[in-house]
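Me: Let's go through this one together, in questions and answers. Start with the terms, then the strands, then the rings and the cysteines.

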Amino acid sequence: MPAISNRISAFGTTIFSEINNLATQHNAINLGQGRPDFDGPAPIIESAIHALQSGKYNQYPPGIGTPNLRQAISQHAARYDLDVDPNAGVIVTPGATEGVFACVMGLVDPGDEVIVIEPYFDSYVPDIIMTGATPVYVALHPPQWTFDPDELRAAFTPKTRAIILNTPHNPTGRVFTFEELTLIADLCKEFDVTVISDDVYEHLVFDDAKHIPMATLPGMFERTVTIGSAGKSFGMTGWKIGWVYGPPDLIKGVSQAHQFVAFAANHPAQEAVAYAFSLPASYFDDYRAAYAVKRDLMLEGLANAGLKAFTPKGTYFVMADFSDVFDGDDIAFSRYLIEEIGVACIPPTFFYSDAHKHIVQKQARFAFCKGDDTIRAASERLVKLRQNRL
């Protein structure tokens, strides 16, 4: 009988789909998936409408991305003093998820090892497995979500081909420090390792935190590919526009994989995102300020419910310890929260290897990319956690 391939048979349905379906069944306020419940900036939407109606952008775009968007991405990288070739150093992808996949497929061979920092975005490990490589895990440890330098060093071997780095980090909200990045960079240079740097939350940093692209560290541009996302930078997750930039020698590999995965990304949306990059720098300042308010509302709601949350320095996610209000593990807690409290979260054991799942069995991830009133409404429901415990 025909059957699905062995390489994907163990993957199953993503936890995001499962939580979304369960939340819909129980009419729960969904703080699970990082999907904003408000629209992106009106001028960007108007630019997309103009592109659709112009008659110029409704057919195939260049496979590597439109010239306008590639130039805009190159100019954006220049904010970090990076000199990115818009013609040979940039690829536009249908979302950052495809960008990561194209990077792994184009830069990693079967039998190689790829280091993954846990907790990880859920597509990383399937990408590595489908490539025929082996994931090697380095865990972040609560409550501060830092890695052990000795554990990191031990993960590097002569077989290590790449490391997937994500900062600001989903789901913990950590922003890696210069010292942490320098340690990673030194190991990559010592072992001749490529960095696949998932920087999609680059503009969502709070308080005194600063996003430092790995590509800006000495000797790292030539061994780093950097991934960005219009969904995260401009609040347009449904457009699925992402990008990868880096040295032409590495981008060539990404491009050769991308051309046979998706070939090209949505043409009119690319033109609108190119326009979005022309917005004044104050756009990102206002964006961060609005999300800082949401973060603080979320932290207040979690504290009032009896959860112990790590204050994120970046992204729009909060990790919180629920052990004071619930006795089971994160999967049982997520189901209880949806069915009995009416709020959805994500159980983070799905972002760890089996050997390390115990690290987060008392943690849950909450997304605060929601309207302020939505967060307040969720907080009112969450108070029942503490009340039910009494």
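Reply: Sure, one term before anything else: buried means under 20% relative accessible area, exposed over 50%, and partly exposed in between, with a 1.4 Å probe and protein chains only. This is a predicted model, where local features need pLDDT of at least 70 and side-chain atom pairs count only at pLDDT 80 or more, while totals for chains, interfaces and linings use all residues. Residues are numbered from 1 along each chain as its sequence is written, and side-chain values use heavy atoms, with hydrogens and water left out.

Me: Which residues cover the two faces of β9, and are they buried or exposed?

Reply: Strands (E, at least two residues) and helices (H or I, at least four) are DSSP runs, numbered from the N terminus. On one side of β9 sit Gly242 and Val244, on the other Trp243 and Tyr245. Both faces are covered, and the status of all four is buried.

Me: Which residue stands opposite Tyr245 of β9?

Reply: Two strands pair if DSSP finds at least two bridges between them. Strand β8 (residues 224-229) pairs with β9 in the antiparallel sense over four bridges, with Ser229 opposite Gly242. Strand β2 (residues 90-93) is also antiparallel to β9, over four bridges. Opposite Tyr245 stands Val90.

Me: What is the arrangement of the rings of Trp243 and Phe277?

Reply: Rings of Phe, Tyr and Trp (its six-membered ring) pair if their centres lie within 6.5 Å; planes under 30 degrees apart count as stacked, over 60 as edge-to-face and the rest as tilted. Trp243 is buried at 1% relative accessibility, and Phe277 is buried at 10%. Their centres are 5.3 Å apart and their planes at 65°, so the pair is edge-to-face.

Me: How many residues apart are Trp243 and Phe277?

Reply: Trp243 belongs to strand β9 (residues 242-245). Phe277 is in the loop between α11 (267-276) and α12, so to speak on a distant part of the chain, and the separation is 34 residues.

Me: Which helix gives the most to the largest nonpolar core?

Reply: A nonpolar core is a set of buried Ala, Val, Leu, Ile, Met, Phe, Trp, Tyr and Cys residues joined through side-chain atoms within 4.5 Å. The largest has 88 residues, and Phe234, Leu307, Phe333 and Phe366 have the most contacts inside it. With eight residues, the top contributor is helix α12 (residues 282-304).

Me: Which residue has Arg365 over the face of its ring?

Reply: A charge sits over a ring if NZ of Lys or CZ of Arg is within 6 Å of the ring centre and within 35 degrees of the ring normal. Lys357 lies over Phe350, at 5.9 Å from the ring centre. For Arg365 the distance is 3.8 Å, and the ring is that of Phe317.

Me: Which strands stand at the edges of the sheet β10-β11-β13?

Reply: It's an open sheet of three strands with antiparallel pairing. Strand β11 (residues 317-321) pairs with β13 over five bridges, and Ala320 has Ala364 as its bridge partner in β13. Each edge strand has a single partner, so one side of each is left without a neighbour in the sheet: these are β10 (308-309) and β13 (363-367).

Me: How many disulfides are there?

Reply: A disulfide is a pair of cysteine sulfur atoms within 2.5 Å. The sulfur of Cys345 has its closest cysteine sulfur in Cys369, 14 Å away, which is too far for a bond. Cys345 is buried at 0% relative accessible area. The disulfide count is zero.
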